[in-house]
There are 2 protein chains.
Amino acid sequence: MNFQFDDATKLKASSDREFSAKVYDGWDIGGNANGGYLLALVAGALCKATGRSLPIALSCHYLAPVNDADVSIETQVVKTGKSFTTATATMRQGERVIVMASGTCGDGFPGGTVSYATRDMPVLPAFADAVPRSTTTPGLPGLMSKVDVRLHPDDTGFATGNPNGSALVRGWCAFRDGRPVDPLALTLFCDALPPAMFNLSGAPGWVPTVHLSFYLRGIPSGGPVVTEFRTNHLHDGFFEEDGLLWDTNGALLAQSRQLALLPR
Amino acid sequence: MNFQFDDATKLKASSDREFSAKVYDGWDIGGNANGGYLLALVAGALCKATGRSLPIALSCHYLAPVNDADVSIETQVVKTGKSFTTATATMRQGERVIVMASGTCGDGFPGGTVSYATRDMPVLPAFADAVPRSTTTPGLPGLMSKVDVRLHPDDTGFATGNPNGSALVRGWCAFRDGRPVDPLALTLFCDALPPAMFNLSGAPGWVPTVHLSFYLRGIPSGGPVVTEFRTNHLHDGFFEEDGLLWDTNGALLAQSRQLALLPR
């Protein structure tokens, strides 16, 4: 079966280190390609360039918006190690730099029996019972036509003018066309929910991401994932947003952190 | 006055985008230059290359250990914007890549009156009353001869074989020679405390950092800073460590996050 995410993240090698790709319309938030979608594109390029299957630790600076456009992704392998390989990936539309990314990729985790966790997966209503994002903001186009985001009912106040004052948004993420969730999907899902700070005083519109980091912490089983996004510190026009993505069995799959700008 | 940190982070321009520097001995942990010290070196290069004064958002992949060595730092400006400029910086010892960094630098914060915080500065004993790191592990060389780290007494159990089982380490950081704390010092201090996970089951020795991100969130007043490092998720040989650095007035100065390897 042809899944939309696979089509939208297809890379064509134009040399051993350069790829061409298309940033498709329909994966956008209000007309700009979603940051997680762009991360998935460069993560794919980083894995191909390094010859590794897993994007373990990614860094992405967002430098210009883009949508519905042909882009190039130039990669450079910086270090090849025994377990990990590190590379850079720069996405350009013509001469314009869209994102500057780097990543350490691998084929597995180091392994080990020691484990420790201070935080459990949040308790959400069942996927079928959570609040579809598409109903909270009717007519919401783009990314929500591809990703089925279902929110915790307590976290939807931003959409009705009743933000609860807590910068927390929890919800499910799955592909609408049933594509199984894999590590690359997590790079998309880590930026697919409405910003947690929308629940402080309502949605201020476009909040541009300056930088995002992504750490893969587990291999998804394939089903919908539970996500939790939280802002702990907003001041001087900046806020961070920390994301946790979980498998339904409670295993942590990924962590993300972004620094974003609050429009004045 | 000549401060040691300024000497140890001196950059000599060998072209408009390449610098030479020396990684000095004495800023190491057990013979390897500390990750925060290397971050300070590349942060300085990123600021010089971008012509900006503040390292706002940094990403650093640690690729090989180094100590007491001449290095080169090659930079490349990727995007110059109105408020921020983004560049890469690669530190090499000869042909060997030591760190691959990128950073968005600026000359100030976006500004804005909205603020929100869920977490307060931890309460520590006064600087004079906290536990000097140098007394917790006698003979500890290197970085601790330059940075005066003073720990919360509850968080020192790792040093005496009595870890309290909570992956949390809090403490003060200041320069021993009285150098005022500035944004560059924060890049050093974000990796200057013993790993929080030492308090789980004791110090396993060298825990290599794979990736570190640093966000500058405030301008230090110059005095000692309060720091707090926490690991929330350790499994499969990886753990993250989140750091918060505060001014004594309770203002958040910086956030760090790193992904590190637990030796088997």
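Two residues count as being in contact here if their C-beta atoms, placed from the backbone, lie within 7 Å. On that footing, among contacts in chain A between residues at least 6 apart in sequence, 69% join residues at least 24 apart. Keep in mind that this is a predicted model. Below is a quick tour, starting with chain A as a whole and ending where chains A and B meet.

**Chain A overall**

- Chain A is built from five helices and 17 strands.
- Its C-alpha trace spans about 50 × 45 × 45 Å along the principal axes.
- A compact globule of 264 residues would have a radius of gyration near 18 Å, and chain A agrees because it has 18 Å.
- As for burial, 54% of the 264 residues of chain A make the cut.

**Strand E2 of chain A and its partners**

- Side chains in a regular strand alternate between the two faces of the sheet.
- Strand E2 (residues 18–23) of chain A has Phe19(A), Ala21(A) and Val23(A) on its covered face, while Glu18(A), Ser20(A) and Lys22(A) sit on the uncovered one.
- On one side, E2(A) pairs with strand E1 (residues 12–13) of chain A, the two running antiparallel and joined by two bridges.
- E1(A) and E2(A) make a hairpin, with four residues between them.
- Within that pairing, Ala13(A) has Phe19(A) in E2(A) as its bridge partner.
- E2(A) also pairs with strand E6 (residues 69–80) of chain A, again antiparallel, through six bridges.
- In this second pairing, Ser20(A) faces Ser72(A), which stands opposite in E6(A).

**The nonpolar core**

- Nonpolar side chains tend to be buried together in soluble globular proteins.
- The largest nonpolar core here has 175 residues, and those touching the most other members are Val42(A), Leu46(A), Val99(A), Val42(B), Leu46(B) and Val99(B).
- Take Val99(A): leaving aside neighbours within four places in sequence, its contacts are Leu38(A), Val42(A), Cys60(A), His61(A), Tyr62(A), Leu63(A) and Met91(A).

**A closer look at Ile73(B)**

- Ile73(B) lies in strand E6 (residues 69–80) of chain B.
- Ile73(B) counts as buried because it has 25 C-beta neighbours inside 10 Å, where the threshold is 20 or more.
- Not counting residues up to four places away in sequence, Ile73(B) touches Phe19(B), Ala21(B), Leu41(B), Val42(B), Ala45(B), Ala89(B) and Met91(B).
- By contrast, 27 Å separates the C-alpha atoms of Ile73(B) and Asp177(B), which are 104 residues apart along the chain.

**Where the chains meet**

- The interface brings 45 residues of chain B into contact with 45 residues of chain A.
- Strand E17 (residues 252–261) of chain B gives the most to chain B's side, with five residues.
- Sorted by class, that side of chain B has 20 nonpolar, 18 polar and seven charged residues.
- Some strand pairing crosses between the chains: strand E9 (residues 116–117) of chain A runs antiparallel to strand E15 (residues 233–235) of chain B, and two bridges join them.
- In E15(B), it's His233(B) that stands opposite Ala117(A).

**Symmetry**

- A turn of 180° with a shift of 0.0 Å along the axis lays chain B on chain A with an RMSD of 0.0 Å.
- That's the relation of a two-fold axis.
- In chain B, Ser59(B) has the C-alpha nearest the axis, 3.3 Å from it.
- The copies meet through the same surface, because 100% of the interface residues of chain B are also interface residues in chain A.

Definitions and conventions:
Residues are numbered from 1 along each chain as its sequence is written. Chains are lettered from A and ligands numbered from 1 in the order in which they are written. This is a predicted model: local features need pLDDT of at least 70, side-chain atom pairs count only at pLDDT 80 or more; totals for chains, interfaces and linings use all residues. Ala, Val, Leu, Ile, Met, Phe, Trp, Tyr, Cys and Pro count as nonpolar, Asp, Glu, Lys and Arg as charged, and the others, Gly among them, as polar. Two strands pair if DSSP finds at least two bridges between them. Copies are superposed by least squares on the C-alpha atoms of residues with pLDDT of at least 70 in both. A residue is buried if 20 or more other C-beta atoms lie within 10 Å of its own, exposed if 12 or fewer, and partly exposed in between; C-beta atoms are placed from the backbone. A nonpolar core is a set of buried Ala, Val, Leu, Ile, Met, Phe, Trp, Tyr and Cys residues joined through C-beta atoms within 7 Å. The radius of gyration is taken over C-alpha atoms; the globule rule is 2.2 Å times the number of residues to the power 0.38.
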